[in-house]
Amino acid sequence: MMSTQSKKLVDSGAGFFIDEEELIEEKKKEEIIVEESPLPTQDQHLKCIKCNKSFPFSYLSKNFDLNVCDTCKEINSDEYDLITKTDAKEQFLLKDCDFDFREPTLKFITKKNPHKNRYGEMKLYLKCQIVERAITVHESLEKLDEKKELKLVNLHKTRQRNYEKKLQNLRKEARQGSRKLADFHKHEYGEEHYDDNEDKYFKICKTCSHKIEYEEL
């Protein structure tokens, strides 16, 4: 730091000196003052769709734009369960666009995955809003059930086709193996025998029991 008469110069760290008072003033200008949001006034209060009472804000109104007070949420906790995006897609046959692009877009909260820490955060949605979205997409819950049953039938058919294809491949490999074994093996027949019933002579391989039949002139 250098002093010139009444002014103090401070090294700016960029190769030059500046007036200390000017530096203080600049820092004051750069400070961002964060003011707390004022509480909503009475006329800004929301009305609970369950009890019809007014309330300033709640967990569901803040996170999911659902006008239900915290008291009603606790009383009817089963109605406001959360569901992961993965489970919602599987149970209600929804696609990513049904969450993120179909209006109104669905609200969610994030939470660390308790089972897979190395993965990203989970997206948790309000299950009752997922049900409403499923009705919008599939027209009704009955049609959703029909689509789920059809999906299971198609899945069974696909698995059956895959099973039959694997079985065919195994049979093909077995036949090819038998041919290779036959090409490699040379029969060594034993003594000649005569079959009175068939009036034929025959010999049997000593190794693989292969039988040849013939007639003598």
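This is a short tour of a predicted model, moving from the whole chain to one sheet, its helices and two cores.

**Whole chain**

Start with the full protein chain. Its secondary structure comes to seven helices and 11 strands. Colour by burial next: buried residues make up 18% of the 217 residues. Switch on the surface. The chain exposes about 18,200 Å², and carbon and sulfur atoms supply 50% of that area. Now think about contacts between residues at least 6 apart in sequence. Of these, 32% join residues at least 24 apart.

**The sheet**

Select β6, β7 and β8. These three strands form an open sheet, in the order β6-β8-β7, with antiparallel pairing. The edge strands are β6, residues 82–84, and β7, residues 109–111; each of them pairs on one side only. Look along the sheet to see the turn from strand to strand. Neighbouring strands are turned by 40 degrees against each other on average, direction ignored.

Zoom in on β7 and β8, the latter covering residues 122–126. Three bridges join this antiparallel pair. Which residue in β8 stands opposite Lys111? Pick Met122 to find that partner.

**Helices on the sheet**

Add α4, residues 85–92. This helix packs on the sheet and touches β6 and β8. The direction of α4 makes about 85 degrees with that of β6.

Then add α6, residues 127–138. Helix α6 also packs on the sheet, with contacts to β6 and β8. Compare its direction with that of β8: the angle is about 75 degrees.

**The largest nonpolar core**

Show side chains for Cys48, Leu60, Leu66, Val68, Tyr80 and Leu126. The largest nonpolar core has 13 residues, and these six touch the most other members. Which elements each supply at least two residues of this core? Select α2, residues 59–64, and β8. Strand β8 gives the most, with three residues.

Stay here and centre on Cys48. Leave out residues up to four places away in sequence. Cys48 then touches Lys53, Phe55, Asn67, Val68, Cys69 and Cys72.

**A second core**

Finish with another core, which lies apart from the largest one and has 10 residues. Select Ala88, Phe92, Leu106 and Ile130, which are among its members. Keep α4 on screen as you do this: that helix spans residues 85–92. Keep α6 too, at residues 127–138.

Notes: Residues are numbered from 1 along each chain as its sequence is written. This is a predicted model: local features need pLDDT of at least 70, side-chain atom pairs count only at pLDDT 80 or more; totals for chains, interfaces and linings use all residues. Side-chain values use heavy atoms; hydrogens and water are left out. Two strands pair if DSSP finds at least two bridges between them. Helices (H or I, at least four residues) and strands (E, at least two) are DSSP runs, numbered from the N terminus. Axes are lines fitted to C-alpha atoms, for helices over the stretch in contact, and angles run from 0 to 180 degrees between N-to-C directions. Contact means heavy atoms within 4.5 Å. A nonpolar core is a set of buried Ala, Val, Leu, Ile, Met, Phe, Trp, Tyr and Cys residues joined through side-chain atoms within 4.5 Å. Buried means under 20% relative accessible area, exposed over 50%, partly exposed in between (1.4 Å probe, protein chains only). Accessible areas come from the Shrake-Rupley method with a 1.4 Å probe; for residues, only the protein chains shown count as cover.
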